[in-house]
Amino acid sequence: MRLWGLFVTAGVGTYLIRASAILAVGHGLVIPAGLERTLRLIAPAVLAAISANGLLLDQGAFNTRASWYAGAALAIWIVARWRSASWGMAGAMALVWLLQQAGIR
Amino acid sequence: MPMLVPAVRTGLAAGVAAAVPMAVATFPFGLAYGVGVTAAGIDPWAGAAASWTVLAGAAQLSMLSLIERDASWVVIVAAALVINLRFALYSVALAPAFRPFPARWRVGLPYLMTDQTAALSMRFFGDERDPVVRRWFFLGAGLGIAVVWWVGTIVGLTLGAAIPSSIDIAFTVPLVFVVLVVPTLVDAPALTAAVAGGGVALASAGLPNGLNILAGAAAGVVAGAIVDRWRPV
């Protein structure tokens, strides 16, 4: 029940964020340019924080899985080079699988 | 009413057509989320419901990650909403185009706003001025991408249990965020925000309930804003 409450609350909050300016501008509100410039920094800041947390930490200690680091490095290269999230994920998963099959954790 | 039919058809067809290539990236992302729900060991129906209620992959995966870490209810929801604050930007950018839409469309369409739908619409609206074509385009693109996301989630949930143990499912969650963050690193302020965000999240790993992610996010935005203010124009 707690899970359902979590997902519904997050959904309602997300909808309000999505609709915020569309509904407000419909009533004549103007967004300051400075705030708009700062809002665009949210995505890299948050996504990097989550990436670092999930990739580099394991139960509060540093993650020692070398295969994960190799996979992440390959994904970064593929996405930066070809702008393809799908190929980045596929390549990284394949590399991690190969390394782990070779005994590299 | 019959006069509107060509515009409806034009907008809807263009929106669905634009969504098709996006499905190539959306489906595996949905699949990864579905697999992540299975890996997290939570109620699969509740996990799948998030794809309908939240409809935002990064936020849903962060919630999964924090649920696995037994973070508090407030932190889990706050992290999801902070991640989704970027939708406020799209909302700002799309607001002028939405202004002539009937009120029920302005209220309903934002539910379908995703990174892909917003980007496609901003591009399409640059060439198309008819508000009827515009709103049907947004509906076609938004619904097309959402359906692929929902199908990906269900397939991931279904396949999750059948995936061999030799495949490291746990890696899919941080991997999704890695592939999402790379395209956002478009300039020095964004890169600073990412480095500071990741660095502070690591440095504050001892904080309870996943608060290190919120600390990293806040530090990243502040650091990026400082660089943005100081850099030469």
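This is a short chat about how chains A and B meet in a predicted model.

Colleague: How many residues does each chain put into the contact?
Modeller: Chain B gives 77 residues and chain A gives 62.

Colleague: Which helix gives the most on the chain B side?
Modeller: That is helix α5 of chain B, residues 86-98. It supplies ten residues to the side that touches chain A.

Colleague: And what classes of residue make up that side of chain B?
Modeller: There are 58 nonpolar, 13 polar and six charged residues.

Colleague: Let's take some helix pairs. How do α1(A) and α4(B) lie to each other, parallel or antiparallel?
Modeller: Roughly parallel. Helix α1 of chain A covers residues 2-25, and helix α4 of chain B covers residues 73-83. Their axes cross at roughly 30° and come within 9 Å. An angle under 35 degrees counts as roughly parallel, so the label fits.

Colleague: Left-handed or right-handed crossing?
Modeller: The crossing of α1(A) and α4(B) is right-handed.

Colleague: Which residues meet there?
Modeller: From α1(A), they include A:Leu6, A:Ala10, A:Gly13 and A:Ile17. Among those from α4(B) are B:Trp73, B:Ile76 and B:Leu81. By class, this contact has eight nonpolar, three polar and one charged residues.

Colleague: What about α3(A) and α11(B), at what angle do they pack?
Modeller: About 140°, with the axes 8 Å apart. Here α3 of chain A is residues 42-56 and α11 of chain B is residues 211-230. That angle makes α3(A) oblique to α11(B). The crossing is right-handed.

Colleague: Which residues of α11(B) make that contact?
Modeller: B:Asn212, B:Ile213, B:Gly216, B:Ala217, B:Gly220, B:Val221 and B:Gly224. Across from them, α3(A) brings residues including A:Pro44, A:Ala45, A:Val46 and A:Asn53. The classes are ten nonpolar, five polar and no charged residues.

Colleague: Switching to the largest nonpolar core. Which residues touch the most other members?
Modeller: A:Ala45, A:Val46, B:Met63 and B:Val179, out of 105 residues. A:Ala45 and A:Val46 also belong to the α3(A) contact with α11(B).

Colleague: What does B:Val179 touch?
Modeller: Setting aside residues up to four places away in sequence, it touches A:Ala75, A:Val79, A:Ala85, A:Gly88 and A:Met89.

Colleague: Last one. Where is B:Ala205?
Modeller: B:Ala205 sits in the loop between α10 and α11 of chain B.

Colleague: Why is it called partly exposed?
Modeller: Because B:Ala205 has 18 other C-beta atoms within 10 Å. Buried would need 20 or more, and exposed 12 or fewer.

Colleague: What is it in contact with?
Modeller: Beyond its neighbours within four places in sequence, B:Ala205 contacts A:Leu57, A:Gly60 and B:Asn212.

Definitions and conventions: Residues are numbered from 1 along each chain as its sequence is written. Chains are lettered from A and ligands numbered from 1 in the order in which they are written. This is a predicted model: local features need pLDDT of at least 70, side-chain atom pairs count only at pLDDT 80 or more; totals for chains, interfaces and linings use all residues. Axes are lines fitted to C-alpha atoms, for helices over the stretch in contact, and angles run from 0 to 180 degrees between N-to-C directions. Helices (H or I, at least four residues) and strands (E, at least two) are DSSP runs, numbered from the N terminus. Angles under 35 degrees count as roughly parallel, over 145 as roughly antiparallel, 65 to 115 as roughly perpendicular and the rest as oblique. A crossing is left-handed if the near helix is turned anticlockwise from the far one by less than a right angle, and right-handed if clockwise. Two residues are in contact if their C-beta atoms, placed from the backbone, lie within 7 Å. Ala, Val, Leu, Ile, Met, Phe, Trp, Tyr, Cys and Pro count as nonpolar, Asp, Glu, Lys and Arg as charged, and the others, Gly among them, as polar. A nonpolar core is a set of buried Ala, Val, Leu, Ile, Met, Phe, Trp, Tyr and Cys residues joined through C-beta atoms within 7 Å.
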